[in-house]
Amino acid sequence: MAYPKLLSEKSIARMYADSKLTEEKIAFLRKLFDSCAALYGSICLNDMWDVYKELSEKVDVVKIQRKDIFEFSSIARRELHDYYVYEIDELYSAEKRADKDRYVIFKEIMDMAKVQVFYDLNEMQMEKPFYVPENLLELKGHIVTPEEKKLFEYIENLKATCPVIRNRWNEKMNKPSPHQGKKLKDFSFLSPDEDFERRWLSGECEHGPKKCQQKKLDEFMATVQGTFAEKIFRDLRFSLFTGWRQFTGQIKHTMDSLAEAGVEFTVDDANKFMQLIQDFTNNSHLYVNRGWAPLALSVHQRKMNPDQKPVITLGPGVRKAIENGEISLEDLKAQAKAKGFEIQI
């Protein structure tokens with residue numbers, strides 16, 4: 001998937017001069033693009049125009065035309081931002097290129113994972129309304145909620161209490177822990193799989209590439225950098241915001257990663273951790289919800305459709321338990337009905 005190289009400041013200045021965009025419009029469009037990328041993760045320019053129109057009904061904004069968004073995007077994609085601007089045919093090769101169909105995509109989505117994450121995110125966003133707060137233009141980077149701070153602080157202060165580092169694939173490869181007793185904010189850790197990837201890309205593996213694949217190595221190391229607490233939380237937040245993994249699958253992945261580094265949970269500790277993750281998820285402005293926090297989106301949808309009962313969609317784990325006879329579907333439906341919900345299989 002090709003993406004154009006950045007241009008020099010001189011070339012960019014020339015493009016802005018040729019565009020006839022005023023300084024006022026350029027400053028406004030910079031904020032609009034930054035904010036939309038940060039809040040929605042991914043948005044096409046046609047939808048951004050609709051977001052702008054809704055915002056203009058709530059607060060005073062600089063007056064722009066739709067063509068101004070198109071013009072700015074063609075320049076922004078050649079300069080450094082927290083987002084990329086993709087032509088539609090760079091994402092979907094069968095589509096015909098059109099200005100209105102360009103996508104603004106937050107960089108972490110394309111840098112931290114494969115393009116498949118974008119495809120899945122784009123599908124999950126469909127039919128959901130855009131969250132357009134009055135302070136939209138003040139946003140840069142994802143919105144950090146009190147629940148996020150609380151969860152991250154909890155993860156930072158978890159301790160790796162196990163005396164050994166467990167290899168999840170081969171117990172014979174377990175080894176003494178170099179960080180036993182340390183808090184997750186006080187050490188870095190690569191799992192055996194991550195360390196193998198690092199060595200492979202570095203050209204250190206006997207049967208792997210003989211030369212270092214520096215670009216791929218740099219991209220990979222960016223996803224595992226920082227303290228172990230930062231790495232664990234970054235992976236968790238990214239997955240929940242983008243829908244990269246289903247909720248239950250992500251929780252298992254997180255718990256496995258913590259166990260691999262020597263973190264041991266009591267039942268009470270695990271329950272507390274799960275509750276913090278649930279609170280974080282319910283109150284976060286998720287990309288998959290086009291910026292809506294799940295709790296707020298639920299309230300909004302009930303307000304827009306007062307006669308429609310809220311629907312609970314069962315995940316694959318629950319569906320499998322029903323198929324195996326471990327959970328009664330009729331009991332679930334009765335419990336949901338008593339609380340005003342409908343079950344959707």
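Which residues are linked in a network of salt bridges? They are Glu-87, Asp-89, Arg-97, Asp-99 and Arg-102. Bear in mind that this is a predicted model.

## Salt bridges across the fold

The network is part of a bigger tally: the count comes to 20 salt bridges. One of the pairs is Glu-90 with Arg-77, whose side chains meet at 2.9 Å, N to O. Glu-90 sits in helix 5 (residues 88-91) and Arg-77 in the loop between helix 4 (66-76) and strand 2, so this bridge ties together parts 13 residues apart in sequence. Both partners, Glu-90 and Arg-77, are buried.

Then there's Arg-237 with Glu-108, where the closest N and O atoms are 2.6 Å apart. Arg-237 belongs to helix 11 and Glu-108 to helix 6, so here the tie is between parts 129 residues apart in sequence. Arg-237 is buried, with a relative accessible area of 7%, and Glu-108 is buried too, at 16%.

Glu-204 and Arg-198 make another pair, with their closest N and O atoms 3.6 Å apart. Arg-198 counts as partly exposed because its relative accessibility is 21%, and the cut-off for buried is under 20%.

## Arg-234, a buried charge without a bridge

Now for Arg-234, found in helix 11. What is the nearest side chain of opposite charge to Arg-234, and how far away is it? That would be Glu-230, at 5.5 Å. A salt bridge needs the nitrogen and oxygen within 4 Å, and Arg-234 has none, although it is buried.

What Arg-234 does have is backbone oxygens to talk to. Its side chain reaches the backbone oxygen of Gln-225 at 2.7 Å. The backbone oxygen of Thr-223, meanwhile, lies 3.2 Å from a polar atom of the Arg-234 side chain.

## The second largest pocket

Thr-223 turns up again at the second largest pocket, which holds about 1,400 Å³ of space. Of the 44 residues lining this pocket, the closest to its centre are Asp-111, Met-112, Ala-113, Glu-219 and Thr-223.

Where does the lining come from? Strand 2 (83-86), helix 6 (107-112), helix 9 (192-202), helix 10 (214-224), helix 11 (228-242) and helix 12 (247-260) each chip in at least two residues. Helix 10 gives the largest share, with seven residues. Sorted by class, the lining has 21 nonpolar, seven polar and 16 charged residues.

Note on methods
Residues numbered from 1 in each chain as written. Predicted model: local features only at pLDDT ≥ 70, side-chain atom pairs only at ≥ 80, totals over all residues. Heavy atoms only, no water. 1 Å grid on protein atoms, 1.4 Å probe; cavity = no way out; pocket = protein on both sides within 12 Å on 5 of 7 lines; lining within 4 Å. Points joined across faces, edges and corners; volume = space filled by probe spheres on them. Helix = DSSP H or I, 4+ residues; strand = E, 2+ residues; numbered from the N terminus. Nonpolar A, V, L, I, M, F, W, Y, C, P; charged D, E, K, R; others polar. Buried < 20%, exposed > 50% of the residue type's maximum accessible area, 1.4 Å probe, protein only. Lys, Arg positive; Asp, Glu negative; His and termini not counted. Polar contact = N/O pair within 3.5 Å; in protein donor to acceptor, adjacent residues only side chain to side chain.
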